[in-house]
Amino acid sequence: MVEVWLPYGKTEVCVRIPTRNLGAVIEPREKEGALNPQAEIENALMNPIGTRRLAEATKPGDKVTVVLKDSGTSTNRIIVSAILKELAAANVKEGDITIIAAYDPLRTSPPPSAEPFLSDDLSSKVTVLRHDCGTSECVGVGRTSRGTDVYLNKRFLEAGLKVLAGVVEPHPFAGYSGGREGVLPGVSSMETIQQSLSLSLNPKAERGSFEGNPVHDDMMEAARLAKVDFSLNVVRNHRLEVVRAFAGDLNEAFGESVRLAEDIYKVPVEGRADVVFISPGGYPFDIDLLEASKGIDGAVAATKRGKVVVLVAECMNGCGKRDFREALSRFKDPGALERSLKKRFSIGAFMAYRMLTALQRTRMILVSVMPEYLVPEALEVKMARTANEAVDYAFDIVGKNGKISAIPYGNLTTLSIGAPEQGETGKEINLPESS
């Protein structure tokens with residue numbers, strides 16, 4: 001027997017796989033975190049790519065707004081601390097600095113007990129706002145070539161210096177997160193977000209891919225319309241430790257960060273297995289079913305058609321967003337849901353569409369604390385109490401000789417599949433141009 005440990009909530013579960021059945025354990029490449037994460041980010045700010053330092057682009061009295069995607073209090077703290085230190089070198093007063101927490105349509109609102117956005121010592125120094133795409137005052141700045149009317153947070157637009165900051169990691173349909181994402185959806189109106197993200201129905205809108213990806217392209221156009229002055233991109237390993245940071249010009253710094261992120265997260269896979277166990281990566285990636293489903297495309301790609309995906313996700317908050325739950329309660333046919341999305345798009349319903357599409361190709365077993373009655377019938381998943389019970393269920397479907405692979409960090413893994421099945425091609429990752 002081989003023991004494979006998978007993250008589950010804030011702990012791990014063990015999957016015991018007969019040695020003869022073990023396929024591949026597919027996980028990000030090992031990269032050590034920086035010895036001093038804040039020093040790494042400060043160094044990036046002092047050596048920007050393609051533009052001047054923040055300390056050289058500002059002066060006393062300037063109003064500076066930083067849009068920051070929430071990547072956990074620890075990462076948020078070191079990013080903001082480094083930026084404040086850089087701005088202090090230009091004698092910019094902390095009272096002239098505003099931090100806007102970017103809106104993330106893929107994230108379920110955190111429970112009251114969740115970690116704060118910033119530590120108390122930083123929150124007391126600067127103005128901290130959370131962008132609300134439904135209520136924050138937004139101003140139009142133009143239209144993208146794909147017809148998205150771009151309305152952005154007025155407070156952000158009025159800043160003398162506009163900065164985007166965040167973490168770069170695989171994104172289910174925008175290629176990678178970070179960079180331009182701070183503008184769209186980060187500080188956009190609900191109407192702008194719905195218009196732009198409806199492009200995710202395009203097959204080229206996928207994880208780790210920029211070539212022809214309309215969501216990525218639309219985000220880039222929106223960021224240009226916003227006239228972003230500076231960006232800071234942080235790349236972490238699968239333990240969420242800062243590895244390196246890249247700062248400077250929006251496109252150039254983002255391109256460099258994606259190259260490193262790809263080196264960490266993109267994993268070549270030869271062939272497909274009969275059974276694939278996938279964990280999103282534990283908390284917070286498996287806080288609910290919507291969050292846990294972000295990496296399901298990778299598991300499906302690594303599984304033979306008609307075989308089994310086992311999703312190992314705690315889902316302590318149940319299904320997740322209301323529109324996700326409602327879509328799964330109303331639709332069993334992904335085609336019908338796709339037609340509905342073309343009339344009225346919502347991100348939760350789109351994630352439901354991705355789940356239903358996955359189930360057209362594979363069967364699914366769910367290992368979770370979520371009560372079975374909360375799982376929408378449309379999913380037609382088999383519930384298992386433990387990961388090893390799921391092994392037995394899977395063997396009942398694929399036979400005792402079935403090969404089993406595992407993806408321990410599904411939401412942070414991008415697969416490059418070799419040996420495609422008949423009628424399919426292997427997936428390659430394309431990086432953005434650095435121009």
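**Figure 1. Leu106, a buried residue in a loop.** Leu106 lies in the loop that runs between strand S5 (97-101) and helix H4 (120-123); helices (H or I, at least four residues) and strands (E, at least two) are DSSP runs, numbered from the N terminus. The model is predicted: local features need pLDDT of at least 70, side-chain atom pairs count only at pLDDT 80 or more, and totals for chains, interfaces and linings use all residues. Residues are numbered from 1 along each chain as its sequence is written, and side-chain values use heavy atoms, without hydrogens and water. Leu106 counts as buried because its relative accessibility is 4% (buried means under 20% relative accessible area, exposed over 50%, partly exposed in between, with a 1.4 Å probe and protein chains only). Leaving out residues up to four places away in sequence, Leu106 touches His171, Pro172, Phe173, Leu290, Glu291, Lys294, Lys321, Ile347 and Met351 (contact means heavy atoms within 4.5 Å). One of these partners, Leu290, is 184 residues from Leu106 in sequence, yet the C-alpha atoms of Leu106 and Leu290 are 8.0 Å apart in space.

**Figure 2. Asp274 and its partners in strand S15.** Asp274 belongs to strand S15, which covers residues 273-278. Its relative accessibility is 9%, so Asp274 counts as buried. The side chain of Asp274 reaches the backbone nitrogen of Lys403 at a distance of 2.8 Å. Neighbours within four places in sequence aside, Asp274 is in contact with Thr303, Lys304, Lys307, Val308, Val398, Gly402 and Lys403.

**Figure 3. The buried residues of helix H1.** Helix H1 takes in residues 37-46. Which of its residues are buried? In H1, Glu40, Ile41, Glu42, Ala44 and Leu45 are buried. Two helices and two strands appear beside them in this view: the buried residues of H1 pack against helix H2 (54-57), helix H3 (73-88), strand S12 (230-236) and strand S13 (242-248).

**Figure 4. Nonpolar cores.** The largest nonpolar core has 72 residues (a nonpolar core is a set of buried Ala, Val, Leu, Ile, Met, Phe, Trp, Tyr and Cys residues joined through side-chain atoms within 4.5 Å). The members of this core that touch the most other members are Phe156, Phe173, Val183, Leu289, Phe324, Phe350 and Leu379. Helix H13 (residues 347-361) provides the largest share of this core, with 10 residues. A second core, of 34 residues, is separate, and includes Ile79, Ile83, Val92 and Val242. To return to the largest core, Val183 is one of the members named for touching the most others. Without its neighbours within four places in sequence, Val183 is in contact with Leu152, Phe156, Leu164, Ser188, Ala222, Ala223, Ala226 and Val228.

**Figure 5. Thr148, a buried residue between two strands.** The loop that holds Thr148 lies between strand S7 (138-143) and strand S8 (149-153). Is Thr148 buried or exposed? Thr148 counts as buried, because its relative accessibility is 1%. Residues up to four places away in sequence are not counted here; Thr148 touches Gly142, Arg143, Thr192, Gln195, Ser196 and Asp218.

**Figure 6. Two cis peptide bonds before proline.** Most residues other than glycine have a negative phi, and most peptide bonds are trans. A cis peptide bond joins Leu184 to Pro185, with omega about 15°. Pro185 is in the loop between strand S11 (175-176) and helix H6 (190-197). Tyr283 and Pro284 are also joined by a cis peptide bond, with omega about 5°. Pro284 is located in the loop between S15 and helix H9 (289-292).

**Figure 7. Two residues with positive phi.** Asn91 is not a glycine, but its phi is positive, at about 60°. The loop between H3 and S5 contains Asn91. Asn91 is exposed because its relative accessible area is 55%. Lys227, which is not a glycine either, has a positive phi of about 55°. Where is Lys227 found? Lys227 is placed in the loop between helix H7 (214-226) and S12. With a relative accessibility of 62%, Lys227 counts as exposed.

Technical notes: A polar contact is a pair of N or O atoms within 3.5 Å; within protein, one must be able to donate a hydrogen and the other to accept it, and residues adjacent in sequence count only if both atoms are side-chain atoms.
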